[in-house]
Amino acid sequence: MTRGQHLLLGVVVVVLLAVSVIAGGFAQQQAEDYDEEYERPYRVCAENTVDFGTYNGYRRYDGFCLRCHGPDGAGSSYAPSLVESLKTLRRDDFNEVVVNGRMNLQAGQQSVMPSFGHVEDVMLYLDDIYSYLKARSDGKLGRGRPKRCPS
Ligand code: HEC
């Protein structure tokens, strides 16, 4: 190999190393974007006993979502089970659907998720509703009215 070829090989190796370091860092960054505390805000202190926010979420869910999504987030013939949805749906995507709503027009079938962006009692407690449904989805909370942790 000539001196020039050596030099070229050296440059190629350095560039490849740099690219793999940058790509590795990027992959790591993406993994860190999943914030465990953000995605799982609930606290369970005993069987079916949760923090006040999560408990409140249960009450708000019953008030605004149950009539379509069924008792305990379990789904109905009209709307999907949110216990199932939250196994894959991330918190930000959940929020987006509740704020903006969604319409599904399939052949002959129409189902509408109303937008709650203007409903104060849902927007103020959206975090609580999410927390309740995520605890249900993670299997950390059973069906029915939860109990509250002692504060
Ligand atoms: C009038 C009936 C109705 C009410 C009330 C309702 N939803 Fe829905 N929701 C639906 C329907 C129908 C869908 C499915 C829409 C579709 O197929 O795209 C849906 C979809 C969703 C989804 C997306 C699920 C997924 O798997 O992508 C979320 C999240 C959701 N609803 C949350 C809520 C929450 C939280 C409330 C209460 C604040 C609520 N919904 C109240 C009918 C309703």
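In this predicted model, glutamate 36 and arginine 40 are joined through their side chains by a salt bridge, with an N to O distance of 3.1 Å. Glutamate 36 is partly exposed, its relative accessible area being 45%, and arginine 40 is likewise classed as partly exposed, at 27%. Arginine 40 also meets the side chain of aspartate 138 in a salt bridge, with N and O 2.6 Å apart. This second pair connects distant parts of the chain: aspartate 138 belongs to the loop between H8 and strand S5 (147–148), whereas arginine 40 belongs to the loop between H2 and strand S1 (44–46), and 98 residues separate them. Through shared partners, Glu36, Arg40 and Asp138 form one network of salt bridges. Aspartate 138 has a relative accessible area of 23% and is therefore partly exposed, the buried class ending at 20%.

A further salt bridge involves arginine 90 and glutamate 39, whose closest N and O atoms are 3.2 Å apart. Here too the pair links distant parts of the chain, since arginine 90 sits in the loop between H5 and H6 and glutamate 39 in helix H2 (residues 36–39), 51 residues apart. The accessibility of each partner can be stated as well: arginine 90 is partly exposed at 33%, while glutamate 39, at 4%, is buried. In total, the structure contains six salt bridges.

Side chains of opposite charge can pair when their charged atoms come close. What, then, is the situation of arginine 60, a residue of helix H3 (residues 52–64)? Arginine 60 is buried but takes part in no salt bridge. Its nearest side chain of opposite charge is that of aspartate 121, at 4.2 Å; because a salt bridge requires nitrogen and oxygen within 4 Å, this pair does not qualify. Aspartate 121 is nevertheless in contact with arginine 60, as are Cys65, Tyr125 and Ile129, when neighbours within four places in sequence are set aside.

The remaining feature is the largest pocket, which holds about 510 Å³ of space. Its lining comprises 25 residues, and those nearest the centre are His69, Pro80, Leu82, Val97 and Met113. By character, the lining consists of 19 nonpolar, four polar and two charged residues. Several elements contribute at least two lining residues each: helices H4 (66–69), H5 (82–85), H6 (91–100) and H8 (126–137), together with strands S3 (102–106) and S4 (109–113).

How values were computed:
Residues are numbered from 1 along each chain as its sequence is written. This is a predicted model: local features need pLDDT of at least 70, side-chain atom pairs count only at pLDDT 80 or more; totals for chains, interfaces and linings use all residues. Side-chain values use heavy atoms; hydrogens and water are left out. On a 1 Å grid over the protein atoms alone, a cavity is a set of points where a 1.4 Å probe fits but cannot get out, and a pocket is an open set with protein on both sides within 12 Å along at least five of seven lines; lining residues have an atom within 4 Å of a point. Grid points are joined across faces, edges and corners, and a volume is the space filled by probe spheres set on the points. Helices (H or I, at least four residues) and strands (E, at least two) are DSSP runs, numbered from the N terminus. Ala, Val, Leu, Ile, Met, Phe, Trp, Tyr, Cys and Pro count as nonpolar, Asp, Glu, Lys and Arg as charged, and the others, Gly among them, as polar. Buried means under 20% relative accessible area, exposed over 50%, partly exposed in between (1.4 Å probe, protein chains only). Lys and Arg count as positive and Asp and Glu as negative; His and the chain ends are not counted. Contact means heavy atoms within 4.5 Å.
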